[in-house]
Amino acid sequence: MSYLELTNIHKAFGTSVAVENFNLSVEQGEFISFLGPSGCGKTTTLRMIAGFEIPTSGYITINSNDLTYLPPNKRNVGMVFQSYALFPNMTVAENIGYGLKIAGKNKSEIATRVEEMLALIHLEDYGKRYPFQLSGGQQQRVALARALAFQPQVLLLDEPLSALDAKIRVELRMEIRRIQQTLGITTIYVTHDQEEALSLSDRIVVMSQGKMEQVGTPSEIYNFPATEFVAKFVGQINLIPVDAHEPEEGLVKVGSQVVRTAKYEILDNKPLRLAVRPEELNPGHLDGANNLSGKVDSITYLGSIVRIRVDVEGHPFSLDVFNERKLNMPVVGEQFQVNFPVDACWIL
């Protein structure tokens, strides 16, 4: 049996269903991200693990112990909020040691544990400061240390980096992963930021409208999306309507041009879409690959990459090329050829 189990979880608020048919098994020490847009049920699921919400049906266990109806203070679970939620009238050390004090630990034990936590978050000299004297990133580190101080069985993080600027977010997510791996603590992380989920997680749960769309490793989620929603939500992707040509041979048509992909089936006359990531496309013609011809529609500079959009008989294909100072760019309106490997595309 897995360490953390969510079985047949269903949560409704009146007639509104927030989460349904949610089943997840988490191994001890795993880092799991709940990824999805606002309102998809990811935070509600996190709050049910924490005990702030009770499932309408289903049950939750940690290490084989049923926690479904236990109040938050009876669960050995640590939680870090988006808003830090530090006590402004307490020093950093007092904030970190607060949970231990409530639990009745003696002063020397609290002091030792606080020193360990300050070292873990690299804020050894900040114990006597107050929250208002810290940057946002430092405050979030303190919130993380407070959640870890009493050695919880599971760590829950609810969009902890969304209030920080981009550079600090990148630095702090690396710190979160370092701390999680150092402690080996089972962690559930809620985010709507695909880059965070892909860079941090052992596995990702992609959610939409209260349901699980797909569960898998970052590589599986990105490279082998199970649904159109996952393909569109995680990363950039070209989803092009195509006509069936020879399904047994994996052939489809983009306008009058033929593309080869894996063998596919036509189900109930449902429309077919060709899926291919922008980074899989290359400029020019290549023998043995799929080759398409069109006109350059737009060119967008995105820092390290340049996105070229090509109109192929009314169908927009975007390809990404690495930016460099001597990059020879096409001109909007000119004829342009693109190619991509047969195994880089698939049919949805």
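This is a short talk on the fold of one protein chain, taken from a predicted model.

Let's start with the whole chain. It has 348 residues, and 48% of them count as buried. The secondary structure comes to 8 helices and 20 strands. Along its principal axes, the C-alpha trace spans about 75 × 50 × 35 Å.

Now the contacts. Take those with a sequence separation of 6 or more. Of these, 65% are made by residues 24 or more positions apart.

Next, surface and charge. The accessible surface is about 17,300 Å², and carbon and sulfur atoms hold 49% of it. The chain carries 32 positive and 40 negative charges. How far apart are the mean positions of the two sets? The answer is 8 Å.

On to the strands. A quick reminder of the general rule first. Strands of a sheet pair through backbone hydrogen bonds, either parallel or antiparallel.

Look at the start of the chain. Strand 1 covers residues 4–13, and strand 4 covers residues 57–62. These two pair in the antiparallel sense, over 5 bridges. Find E5 on your screen. Opposite E5 stands T61, in strand 4.

Stay with T61. Which residue of strand 5 is the bridge partner of T61? That is D66. Strand 5 is residues 65–66, and 2 bridges join it to strand 4, again antiparallel. Strands 4 and 5 make a hairpin, with 2 residues between them. One to look at in the turn is N63, where phi is positive, about 55 degrees.

Now two single residues. The first stop is T91. T91 sits in the loop between strand 6 and helix 2. Is T91 buried or exposed? The cut-off for buried is under 20% relative accessible area. T91 has 11%, so T91 is buried. What does T91 touch, beyond its sequence neighbours up to four places away? The partners are G127, K128, R129 and Y130.

The second stop is R173, in helix 5, residues 166–183. R173 is also at 11% relative accessible area, and it counts as buried. Leaving out residues up to four places away in sequence, R173 touches L161, E195, E196, S199 and L200. Here is a distance to try in your viewer. From R173 to K253 is 80 residues in sequence. In space, C-alpha to C-alpha, the two are 43 Å apart.

Back to strands, further along the chain. Strand 14 is residues 272–276, and 4 of its 5 residues are buried. Which strands pair with it? One is strand 11, residues 238–246, antiparallel with 5 bridges. There, V242 stands opposite L272 of strand 14. Another is strand 20, residues 345–347, antiparallel over 3 bridges. In that pairing, V276 faces C345 of strand 20.

Last, an open sheet. It has 5 strands, in the order 15-19-16-17-18, with antiparallel pairing. Why does one side of strand 15 and of strand 18 have no neighbour in the sheet? Strand 15 (282–283) and strand 18 (315–322) are the edges, and each has a single partner strand, so one side of each is left without a neighbour.

Inside that sheet, look at strand 16, residues 290–301, and strand 17, residues 305–312. They pair antiparallel over 6 bridges. Y301 has V306 in strand 17 as its bridge partner.

That's the tour. Thanks for listening.

Methods: Residues are numbered from 1 along each chain as its sequence is written. This is a predicted model: local features need pLDDT of at least 70, side-chain atom pairs count only at pLDDT 80 or more; totals for chains, interfaces and linings use all residues. Side-chain values use heavy atoms; hydrogens and water are left out. Helices (H or I, at least four residues) and strands (E, at least two) are DSSP runs, numbered from the N terminus. Buried means under 20% relative accessible area, exposed over 50%, partly exposed in between (1.4 Å probe, protein chains only). Contact means heavy atoms within 4.5 Å. Accessible areas come from the Shrake-Rupley method with a 1.4 Å probe; for residues, only the protein chains shown count as cover. Lys and Arg count as positive and Asp and Glu as negative; His and the chain ends are not counted. The place of a charge is taken as NZ of Lys, CZ of Arg, CG of Asp or CD of Glu. Two strands pair if DSSP finds at least two bridges between them.
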